[in-house]
Amino acid sequence: MHQPGGTTPHRGASPPTRDERTAAPRLKRSPSGQTPQWVLDDALEQQRQALLIPGGRRRRARRAARTTRGSARRWATVPGSRCRAWGATPAVGVVVLLVLWFTPGLLQDYALPVIRPYLPNASAPPPGGGAAPAPLGTPPAVEDAGGYRFMDSPDPAQPMVAYDPCRPVRYVVRPDGAPPGGGQLVEEAVAEISAATGLRFVSAGTTTEAPTEQRAPYQPDRYGRQWAPVLVAWSDETEVPGLAGNVVGLGGSTARQAAGRPFVYVTGQVALDAPGLAQVLDHPDGAAHVRATIIHELAHVVGLAHVEDPAQMMHPAGGATVLSAGDRAGLAELGSGECVPQL
């Protein structure tokens, strides 16, 4: 629409700014009194360069600074964000180190057991693996007639060391060299010890691990992050020198202790003289004697020592092929040990 006394505005044009109105009187005009558009454009560009851009840069810089700080605040409030982690970790770490430095008992008794399983060359698994809130079985009620002894305890004040009844006693078998029927005899012997103690024995299959005098109780590369299972290995005197002579079996366990708790067995091993026991199998009642040998060695594993009474299976050279009253009383006692989930 045409407006009197002016020009017709083009669609999309913007009204004159204050700078344009201020600059216009100083511009040269044509004889008609009108200022050419190119003159206006040049003048406005000079004004922008001199006045608008520096202030605009400062305003944009201030807006950018506000935006950056706002982003940092949002980053810091994100749970687990890198900003929060880098800001909080040094302070928390210093506090933790100071507490542990001035309370070495706290470090030894509580911090290290939690940290140690995750360190390189750890000697123990994370505590509590496989632990139940109550014993998994109940030892049978038998008369304590004596006639048994416990394996020596690392602590003289603790007369008996036993397996934790709140965890299964896992075991593996190395079958290499086993005589015919040897695997079945191992299963029967394990079942006998389990029934006599109330401990829950669980087969973890077979293994290629060889018996050694200094067997590591924790082998995460082979058995995972838990105590190594009890090893039952058919062997010979070449591999295990202790099987030389008339010895046809060896057995024992490894004890560990958590702070303020009793020693408990965490794993063990049995080495059976395969060639010697194969000869025993050729005799009448040979299978019963081989089974008794395996039961004898597993009784060592759970904590029974030798006795002098030849009527007991725990006599080193006795002829008993079944558990006697003394054996059963000792095994039942060993099935009533304490639960130690801290290991």
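I began with the bridge partners in strand S6 and found Ala 162 opposite Val 264. I note that the model is predicted, that local features need pLDDT of at least 70 and side-chain atom pairs count only at pLDDT 80 or more, while totals for chains, interfaces and linings use all residues. Residues are numbered from 1 along each chain as its sequence is written, and side-chain values use heavy atoms, with hydrogens and water left out.

**Strand S6**

I recorded that S1 pairs with S6 in the parallel sense over 2 bridges; two strands pair if DSSP finds at least two bridges between them. Strands (E, at least two residues) and helices (H or I, at least four) are DSSP runs, numbered from the N terminus. I then looked up Arg 256, whose bridge partner in S6 is also Val 264. Strand S5 (residues 249-256) pairs with S6 in the antiparallel sense over 8 bridges. Strand S4 (residues 230-235) runs parallel to S6, and 5 bridges join them. I checked the cover of S6 and found 10 of its 10 residues buried, that is, under 20% relative accessible area (exposed is over 50%, partly exposed in between; 1.4 Å probe, protein chains only).

**Gln 269**

I next turned to Gln 269, which is found in S6 (residues 264-273). Leu 231 stands opposite Gln 269. The relative accessible area of Gln 269 is 17%, so I entered this residue as buried. A polar atom of its side chain lies 2.6 Å from the backbone oxygen of Thr 212. Leaving aside neighbours within four places in sequence, I listed the contacts of Gln 269 (heavy atoms within 4.5 Å); among them are Pro 211, Glu 213, Arg 215, Val 230, Leu 250 and Val 301.

**Helices H7 and H8**

I looked up the packing of H7 (residues 274-281) on H8 (residues 286-302): the angle is about 145 degrees and the axes are 7 Å apart. Axes are lines fitted to C-alpha atoms, for helices over the stretch in contact, and angles run from 0 to 180 degrees between N-to-C directions. Leu 277, Val 280 and Leu 281 of H7 meet residues of H8 including Ala 287, His 289 and Val 290.

**Helix H9**

I closed with H9 (residues 325-334), where 7 of the 10 residues are buried, so the helix is largely enclosed by the rest of the structure. Asp 327, Leu 331 and Leu 334 are among the buried residues. I noted that their cover includes strand S1 (162-163), helix H5 (182-197) and H8.

Key. Polar contact = N/O pair within 3.5 Å; in protein donor to acceptor, adjacent residues only side chain to side chain.
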